[in-house]
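Here are a few notes to go with the structure you are about to open. I have kept to the packing inside the chain, the rings and the enclosed space.

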Amino acid sequence: MKLLVINGPNINMLGIREPGIYGKNTYHDLLVLIERVAADEGLTIDHFQSNHEGAIVDTIQAAYGSYDGIVINPAAYTHTSVAILDALKAVSIPAVEVHISDVDAREAFRQISYPGLYCEKTIKGQGIDGYRQAILYLKEKYA
């Protein structure tokens, strides 16, 4: 099984950006976790991070025919990007949305998730472990 993990803006700043909300784990720690889960579960997992919406859309489109599932943390684009939603719908790859923080307990504008309208599951408030949970969900359902 081949999965793609996509992270949106500012995820590369984990550990620096608002550690009271996002925790002290760094982006490197997240990548190590993803690689460990891949090795433990016998999966191939690629990862991509961008602060640019179009690059995320291009990456989703390029995933067509190459990946069995997508784990996506659109970050701030969660609440604004119909383009990311449309890209996910276009490729029709099973997807799980992840949020490190509990967006339900935050500002009202964070209650809207456009990409989440496509994703079959959303994991929130679990820190970087949410990525492990998303990967395992896709493996259990589609492998």
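1. Let me begin with the aromatic rings. Please keep in mind that this is a predicted model. A search through the whole structure turns up zero aromatic pairs.

2. One ring does have a charged partner, though. The charged end of K2 sits over the ring of Y67, at 4.9 Å from the ring centre.

3. Now to the packing. The largest nonpolar core has 25 residues, and the members that touch the most others are I11, L30, I45, V71, Y131 and I135. The elements giving two or more residues to this core are the strands β1 (2–7) and β4 (95–99) and the helices α2 (27–41) and α5 (129–142). Helix α2 supplies the largest share, with seven residues.

4. I11 is a good residue to click on if you want to look around this core. Leaving aside residues up to four places away in sequence, I11 touches Y27, L30, Q49, N73, A75, I100 and Y131. Two of these names, L30 and Y131, also appear among the core members that touch the most others.

5. There is also a second core, separate from the one above, made of 17 residues. Among its members are L4, I6, I72 and L88.

6. Finally, how many cavities of 30 Å³ or more does the structure hold? The answer is one. The largest cavity encloses about 140 Å³ of space. It is lined by 14 residues, of which Y22, N73, A75, H99 and R110 are the closest to its centre. You have met N73 and A75 already, as contacts of I11.

Terms used. Residues are numbered from 1 along each chain as its sequence is written. This is a predicted model: local features need pLDDT of at least 70, side-chain atom pairs count only at pLDDT 80 or more; totals for chains, interfaces and linings use all residues. Side-chain values use heavy atoms; hydrogens and water are left out. A nonpolar core is a set of buried Ala, Val, Leu, Ile, Met, Phe, Trp, Tyr and Cys residues joined through side-chain atoms within 4.5 Å. Buried means under 20% relative accessible area, exposed over 50%, partly exposed in between (1.4 Å probe, protein chains only). Helices (H or I, at least four residues) and strands (E, at least two) are DSSP runs, numbered from the N terminus. Contact means heavy atoms within 4.5 Å. Rings of Phe, Tyr and Trp (its six-membered ring) pair if their centres lie within 6.5 Å; planes under 30 degrees apart count as stacked, over 60 as edge-to-face and the rest as tilted. A charge sits over a ring if NZ of Lys or CZ of Arg is within 6 Å of the ring centre and within 35 degrees of the ring normal. On a 1 Å grid over the protein atoms alone, a cavity is a set of points where a 1.4 Å probe fits but cannot get out, and a pocket is an open set with protein on both sides within 12 Å along at least five of seven lines; lining residues have an atom within 4 Å of a point. Grid points are joined across faces, edges and corners, and a volume is the space filled by probe spheres set on the points.
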